[in-house]
Amino acid sequence: MTNLSNIAKSLNQESISSILFEYLDDYGLNKKLIDVVLCESGIYAILSDGKMIKTVMHKNLIDIKEYKKSGAPLFHIFGCKFLKEAEKEEKIEEYKISFKRANSFNFIVREGNREIKVFHDISLELCPECMKMQEKSLDFDSFFQSVFDCLDLQKRKRDVELISIIYKKLKHFSCEKCNKKVSIQDIEDLKLKIYKDSSILKNGAKLKILCKECV
Ligand SMILES: [Zn+2]
Ligand SMILES: [Zn+2]
């Protein structure tokens with residue numbers, strides 16, 4: 001088995017392209033290697049070329065005790081309560097990011113540092129919090145298809161949210177007025193302002209990213 005994660009580790013994060021990312025789907029990509037934004041419309045990986053890709057997350061290494069208690073891990077499709085908590089407690093690194101065309105995941109059960117069992121192509125349950133965030137009952141097939149198609153969002157609200165994240169990334173998560181930089185966890189502290197009349201901005205841009213104090 002080719003260990004694609006090791007290949008990824010040896011590469012500079014900046015060199016991860018969307019094509020490579022696609023190949024990294026075996027065990028999922030370690031979150032350390034790539035910027036991920038958890039939000040209400042989904043989980044987005046930010047690639048070096050600025051592209052955003054909708055992804056799915058799951059814990060791919062689980063302890064035997066946890067496995068005996070709760071069984072297989074859950075998968076997440078939104079920046080739900082559990083992922084936000086994991087991010088706060090700095091446990092988000094335990095999750096893997098995957099592109100998924102189907103509900104089919106791999107995970108490893110460990111005892112200490114020893115791998116006890118490797119599960120392949122397992123259909124996992126959706127996290128109940130993510131389920132709640134889904135407006136209507138989840139159509140798995142169409143969801144997984146949409147993972148690759150994150151710009152094809154039906155709702156304007158979601159478009160704005162996506163644009164906002166891309167723009168924040170482009171501006172290096174800094175306020176355009178006072179230059180205050182925020183960490184990716186506090187990304188919500190930066191607000192996207194959309195100016196309908198672009199003439200009010202010197203450079204003609206219609207968007208501005210401002211911190212809470214400058215809005
Ligand atoms: Zn979830
Ligand atoms: Zn500011």
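## The big picture

The protein has seven helices and 12 strands. Keep in mind that you're looking at a predicted model. Of the 215 residues in the protein, 23% are buried. Now take the contacts with a separation of 6 or more: 62% of them are between residues 24 or more positions apart.

## A hairpin to start with

Let's begin with β2 and β3, which form a hairpin with two residues between them. Strand β2 covers residues 35-39 and strand β3 covers residues 42-46, and the two pair in the antiparallel sense over five bridges. If you want to find one of those partnerships on screen, look for L38: its bridge partner in β3 is I43.

While you're there, have a closer look at I43. Which residues does I43 touch, leaving out those up to four places away in sequence? The list is V36, L38, K54, T55, V56, M57, H76, I77, F78 and G79.

## The nonpolar core

In soluble globular proteins, nonpolar side chains tend to be buried together. Here, the largest nonpolar core has 22 residues. Which of its members touch the most other members? They are V36, I43, Y44, M57 and F75. So I43 turns up again: it is one of these core residues, and V36 and M57 are among the residues it touches.

Several elements feed this core. Those that give two or more residues to it are β2, β3, β4 (52-59), α4, β7 and β8. Both strands of the hairpin, β2 and β3, are on that list.

## A three-stranded sheet

Next up is an open sheet of three strands, in the order β5-β8-β9, with mixed pairing. Its edge strands are β5 (61-63) and β9 (114-122), each pairing on one side only. From one strand to the next, the twist averages 25°.

How do β5 and β8 run relative to each other, parallel or antiparallel? They run parallel, and three bridges join β5 to strand β8, residues 105-111. To spot one pair, find L61, whose bridge partner in β8 is I108.

Over in strand β9 you'll find I122. This residue is partly exposed, because 14 other C-beta atoms lie within 10 Å, and a count has to reach 20 for a residue to be buried or drop to 12 or fewer for it to be exposed. I122 and S104 are 18 residues apart in sequence, but C-alpha to C-alpha they are 5.0 Å apart in space. Setting aside neighbours within four places in sequence, I122 is in contact with A72, F105 and F107.

## Two unusual loop residues

Most residues other than glycine have a negative phi. Two residues here are worth a look with that in mind. E90 isn't a glycine, yet its phi is positive, near 55°. You'll find E90 in the loop between α4 (81-88) and β7 (95-98). Is E90 buried or exposed? E90 is exposed, because just 9 other C-beta atoms lie within 10 Å, and 12 or fewer counts as exposed.

N179 is the other one: it is not a glycine either, and its positive phi is about 70°. N179 is in the loop between α7 (156-170) and β11 (190-194). N179 has 11 C-beta neighbours inside 10 Å, so this residue counts as exposed too.

How values were computed. Residues numbered from 1 in each chain as written. Chains lettered and ligands numbered in written order. Predicted model: local features only at pLDDT ≥ 70, side-chain atom pairs only at ≥ 80, totals over all residues. Helix = DSSP H or I, 4+ residues; strand = E, 2+ residues; numbered from the N terminus. Contact = placed C-beta atoms within 7 Å. Pairing = 2+ DSSP bridges. Axes fitted to C-alpha atoms, helices over the stretch in contact; angles between N-to-C directions. Core = buried A, V, L, I, M, F, W, Y, C linked by C-beta atoms within 7 Å.
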